[in-house]
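User: Could you take a close look at one part of this model for me, the place where a helix of one chain packs against a helix of the other? I'd like some background on the chains too.

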Amino acid sequence: MWRRGVLLIKFSELRVNFRRFFVFILFVVSFLTVLMSKLDNVIVEAAHKAVMDVTGPIMQVVEYPSRIVHRVYTYFYDISHIYADNRELRAENKQMLILQNKVRTLEVENQLLSRLLNYTPPAEATFMSAKIIAESGDNFTHMLLVYIGDEPVKKGQIVLGDESVIGRVDKVSGHYAKIILVTDINSKIPVVVERTRVRGILTGNNTAMPTLLFTRSTADIQEGDVVVTSGVGGMFPAGLPIGFVNTISGGDISVETMADISRVEYVRIVDYGLSNEEEIRMDFFESDK
Amino acid sequence: MRDSWQEKFRIFLLHRIPLVTTFILMFIFFTPVNSVQLNYFRPTVGVICVYYWALKRGYMFSYISAFCVGFLTDVYSSSPLGLNILFMMLLVFVTDWLGRYFQSASFGLGWFIFGLVGLGQILLKWLVLTIYFGHILSLSEVMLSYFSTLLFYPFIVSINVWVQNHLLPQERINE
């Protein structure tokens with residue numbers, strides 16, 4: 001009886017020690033995961049994808065009521081602004097008609113010059129629409145989770161809001177894709193200021209306004225200048241609009257994104273036929289080092 | 001008397017209720033608000049739930065539960081995988097220690113302690129991420145999120161209190 005009691009005490013001590021050791025192991029595993037995620041480890045990727053696959057359908061069900069609320073709100077918001085919008089659109093339409101004529105002339109001129117130079121146009125882009133089903137899980141990041149169905153979406157592909165760039169595909173798992181927004185700290189896009197062709201890197205900083213880095217201090221950049229993709233590195237095609245220069249204070253240039261993410265329910269994932277986008281991306285970053 | 005397997009299974013499910021409640025609340029708060037600005041006001045529901053359950057029903061909310069909550073948060077963010085796991089487990093560790101003194105604390109005191117623990121957690125996370133990315137992250141946005149989490153605390157806790165009073169047994173049942 002006494003021996004049995006001693007054994008039971010020893011067993012419970014062993015259990016407590018094992019528990020402590022297990023907790024210690026959990027801490028070590030999480031710490032190692034942080035280190036491994038920096039290396040784009042296969043195991044980490046697989047675990048990430050598995051959780052996305054399992055939780056994606058749940059998220060689709062959960063976001064449905066919020067989507068309806070948002071639609072109702074947007075409907076009434078649009079109705080309340082219909083008069084002002086109509087006036088604005090009429091004025092814009094007049095401007096557009098003038099621009100349309102200019103575009104036609106330039107298009108003809110462009111075709112003629114292209115023929116003279118024997119220019120081969122780039123491949124036509126194909127795109128697919130994807131529904132946003134979730135947003136960032138914490139305030140330190142800016143990402144979206146979208147439902148892509150069976151479409152062959154690849155990591156690194158560009159994501160457009162209305163007509164401008166809002167981010168890129170970061171992870172693809174089954175029917176879901178994770179998109180890193182241009183405002184996210186992980187986002188770095190080679191850009192050019194459209195008016196003066198000044199190059200730079202648009203870097204997300206987890207605020208609503210990403211900053212333009214690596215521009216010359218004497219560069220001619222003004223508030224309101226349009227920022228477009230430069231195509232450097234081959235990751236994104238050139239000339240896609242991203243935003244406007246919002247403020248310039250000292251050496252800091254803040255860019256306001258063109259796409260109004262508050263109105264975006266669906267995004268467009270565009271395939272520009274840039275084969276092996278991931279390899280191109282890796283080459284770009286390696287050459288950057 | 002040995003418990004039947006049905007009884008064991010029932011107890012096992014009862015012990016998972018805090019984790020399932022946390023997951024449901026997290027999913028609700030992951031839904032798109034369609035605004036970058038509003039994203040800063042998104043409360044970190046996972047932190048509130050982990051704190052609450054670790055304080056009130058520590059034996060039902062183990063480190064493995066915190067691990068799962070952290071993992072889900074990591075997947076739904078672009079911060080390095082493992083970081084939120086680490087922070088959630090640290091939160092359980094700290095709350096477990098605090099639970100020895102404040103387990104039966106009043107709501108107001110619990111809220112106040114959460115304010116301190118949450119502040120420490122968010123500042124530490126900000127520091128780690130700043131080092132990780134090699135870029136000083138904006139502290140104002142982080143503080144906005146902290147205050148919104150603090151404001152949402154009573155609402156999230158009231159849901160958890162309801163779950164605790166209506167779905168969980170009042171006395172401790174070990175697995």
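Analyst: Helices here are DSSP runs of H or I with at least four residues, strands are runs of E with at least two, and both are numbered from the N terminus. By that count chain B has 7 helices and 0 strands. Its radius of gyration, taken over C-alpha atoms, is 17 Å, close to the 16 Å from the globule rule for 175 residues, so chain B is as compact as a globular protein of that length. That rule is 2.2 Å times the number of residues to the power 0.38. Chain A comes to 4 helices and 12 strands. Its radius of gyration is 25 Å, where a compact globule of 289 residues would have one near 19 Å.

A word on ground rules: this is a predicted model, so local features need pLDDT of at least 70 and side-chain atom pairs pLDDT 80 or more, while totals for chains, interfaces and linings use all residues. Residues count from 1 along each chain as written, chains are lettered from A and ligands numbered from 1 in written order, and side-chain values use heavy atoms, without hydrogens or water.

Now the spot you asked about. Helix α2 of chain A (residues 42-80) and helix α1 of chain B (residues 5-30) have axes that come within 9 Å and cross at roughly 65°; axes are lines fitted to C-alpha atoms over the stretch in contact, with angles from 0 to 180 degrees between N-to-C directions. On the α2(A) side sit Thr55(A), Ile58(A), Met59(A) and Val62(A), meeting Phe27(B), Ile28(B) and Phe30(B) of α1(B), where contact means heavy atoms within 4.5 Å.
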